[in-house]
Structures are given as structure tokens and as C-alpha cells.
Amino acid sequence: MAERSTLETVAENRCFDGRVVRYRHHARSLDCEMIFGAYLPPQAERRSVPVLYWLSGLTCTDENFLHKAGAQRLAAELGLAIVCPDTSPRGTDLPGEHDDYDFGSGAGFYVNATRPPWDGHYRMYDYVIEELPALVEAELPVTGQRSISGHSMGGHGALVCALRNPGRYRAVSAFAPICNPVAVPWGRKAFSGYLGDDEAQWRAYDASHLVATAPERLPLLVDQGEADGFLAEQLRPEALEAACEAAGHPLRLRRRPGYDHSYYFIASFIDEHLRHHAEALGCSG
């Protein structure tokens, strides 16, 4: 069967004089059909605009951020597009894929799986880094100026993508990222399942390990709620903080009293993150 060469529009809504659109396409890197969401600001009707890639967390889809974060109003003012991929391949129905919330469906962890049967589809790192941006830049009114952000598992993904790909992104930020996945239950479960037992492979997807050898000192902006129920066991921002201090890597880690892990937290500070990305991307509104 021939692969689709263009995007299929699934849904479209007007929003702050721009458009929220969901697109379907065949993803070669994942060998399945994928849907991603995008906000195209009003400026995109006249010219190409920079784009922020948002990576969502466990159990999320392409829709959570665009429904809950409240980012469209300021993105429209700034002239910033936002692209939201899904969090895993869909429709592959591998054995055990839908059994747990933190592994398989909705939990791709933005890695390239090397362990069967996951290695045939679960290559979210390649999808986010290469295939999706190439498609977006070919089909949508956006420039090659990119930045990346995300939440929880997606915050982990954003940090890893930026640290491993110097020059690819103008800015990076994260909300409540899994900072040290090789040392926490979520990460160890996912990495052992997708990558096998060699923990050296795991460290290639761990921001707290990557900062020591990162070839680019792109500043990291991280917000973490102090009332986050996952903070102590799963997120470990102190590991990233220590690693950045040891490596001399710039980090703004802002601990927010009273805030939890939810989208209420993200919505409270998303404007500050959007302005951080817009400044780096040279958005002129």
C-alpha cells in the first residue's frame, strides 16, 4: 500500500483568529497511522511562523495540551505555532500494549525501542526529532525555527531531544519532567521493556546523565510543583540540578509551592514558557 504523502485533516476549529487542527498521516518511523494536533496562529495565514513542539505525558494524546493548557491566546499574539504529537504509536495492538498506563499505549517515553516486539513501532524519538518536523515544515506554514517543551514524560522527552541534538532547537523547557528516569520506577519499567537490560543504553535517554557531555549549553527552564504527588518517587529534579551544577550547564529550576502535577499547574505558568520560547525564536507577533 502506498504511504500518504500529504496530511489528512481530522478536525478544525477557529481559535483566537487562528486554527486548531488535528491531522492524520502515515508515520514511516512508527509504521502506523498517527494523529497530531496543531495551533496555527493568525499570522500563519500570511507568512510562515516559528513552531513550538509540545510533548505530553503518560496517558495523554495529541489533544490534552490544546484542550487544557490555555496556550492559544498568547500564541496568537506572539505568532507562534504549536505542534502536539501523540505519546505513542496507535493501532499496533502488540501483546500487552494496553495493559498498563505507564508502558505501551500512551507511554512511548520518546525513545527508539530496540527490544522486540516494540522495536517495530515504538520509535518515538525518531518520529519527534526527524519525521514529524520534516512533515510539518513541508506541509504547514511554519519555518525551520523550532523549540521544544513538555510535561512529565514529555518533559523528559523535551530535555532529551534538546540535549542530544545541538542546534536543532532554539529553546527548551519542561513542566515536572522525569529528570532521572534510569533511577525511578516509571523510567526503569519503560527502559527495560523498550531497551532491554543494558543500562548504558538507558542513560542515552536520561537528561541528568546527558548534561555532562551535551555539546551545546542550551539553557534549561524547568517548573516543578512542590505539591506534586510524583515528585519524590518519579521526578527527581534534584538529580538534574546537581548534574547541571557539576557540568556548568545553565538551568532555571523554579519550585512552585502548592502546585501539583495537573494541567492546572501547566495553565498557571504556560504564558511564561511561551514567552521564553518566543524570545529565543524571534517571534514578532
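**Close-up views of a predicted model**

**Figure 1. Helix H9 and its surroundings.** Glu245 and Ala246 are exposed and sit on the face of H9 turned away from the buried side of this helix. The structure shown here is a predicted model. H9 spans residues 237-247, and its buried residues are Pro237, Ala239, Leu240, Ala243 and Cys244. Viewed down the axis of H9, these buried residues fall within an arc of 155°, so they line one face of the helix. Among the elements covering them are the helices H4, H7 (207-210) and H8, together with the strands S8 (220-225) and S9 (251-256). After H9 comes Gly248, with a positive phi near 70°.

**Figure 2. Helix H5 and the helices it packs against.** H5 runs over residues 185-195; Trp186, Gly187, Ala190, Phe191, Gly193, Tyr194 and Leu195 are buried in it. Seen down the axis of H5, the buried residues occupy an arc of 170°, so they line one face of the helix. They pack against three helices: H4 (153-164), H6 (199-203) and H8 (231-235). Gly196 follows H5 and has a positive phi, near 90°.

**Figure 3. Phe109 in the largest nonpolar core.** This core has 98 residues. Phe109 belongs to the group with the most contacts inside the core, which also includes Phe36, Phe65, Ile148 and Tyr194. Apart from neighbours within four places in sequence, Phe109 is in contact with Trp186, Gly187, Ala190, Phe191 and Tyr194, among others. Of these, Trp186, Gly187, Ala190, Phe191 and Tyr194 are buried residues of H5. Further contacts of Phe109 include Leu58, Thr87, Asp102, Met153, His156 and Ile178. In soluble globular proteins, nonpolar side chains tend to be buried together.

**Figure 4. Val111 in the loop between S5 and H3.** Strand S5 (81-84) and helix H3 (124-139) are joined by the loop that holds Val111. With a relative accessible area of 0%, Val111 counts as buried because the cut-off for that class is under 20%. Not counting residues up to four places away in sequence, Val111 touches Tyr122, Arg123, Met124, Tyr125, Phe191, Tyr194 and Tyr205. Val128 lies 17 residues from Val111 along the chain, and their C-alpha atoms are separated by 9.6 Å.

**Figure 5. His25 in strand S2.** S2 comprises residues 18-27 and contains His25. The relative accessibility of His25 is 2%, so this residue counts as buried. The side chains of His25 and Tyr127 are joined by a polar contact of 2.9 Å. Leaving aside neighbours within four places in sequence, His25 is also in contact with Leu7, Cys32, Glu33, Met34, Phe36, Glu131 and Leu135. Phe36 is one of the residues with the most contacts inside the largest nonpolar core.

**Figure 6. The kinked helix H10 and its ends.** H10 (residues 263-281) has a kink of about 50°, centred on Phe269. Phe269 is itself buried, as are Tyr263, Phe265, Ile266, Ile270, His273, Leu274, His277, Ala278 and Leu281. The N-terminal end of H10 is capped by Ser262, a side-chain oxygen of which lies 3.2 Å from the backbone nitrogen of Tyr264. Gly282, just after H10, takes a positive phi of about 70°.

**Figure 7. Confidence and the N-terminal stretch.** The protein has a mean pLDDT of 96, with 98% of its residues at 70 or more. Residues 1-5 have a pLDDT below 50, and this stretch makes six contacts in the model beyond near neighbours in sequence. Where pLDDT is low, the predicted coordinates should not be read in detail.

Methods:
Residues numbered from 1 in each chain as written. Predicted model: local features only at pLDDT ≥ 70, side-chain atom pairs only at ≥ 80, totals over all residues. Heavy atoms only, no water. Core = buried A, V, L, I, M, F, W, Y, C linked by side-chain atoms within 4.5 Å. Buried < 20%, exposed > 50% of the residue type's maximum accessible area, 1.4 Å probe, protein only. Contact = heavy atoms within 4.5 Å. Bend = angle between axes of the 7 residues up to and from the residue. Helix = DSSP H or I, 4+ residues; strand = E, 2+ residues; numbered from the N terminus. Polar contact = N/O pair within 3.5 Å; in protein donor to acceptor, adjacent residues only side chain to side chain. Arc of directions from axis to C-beta. pLDDT = per-residue confidence, 0-100.
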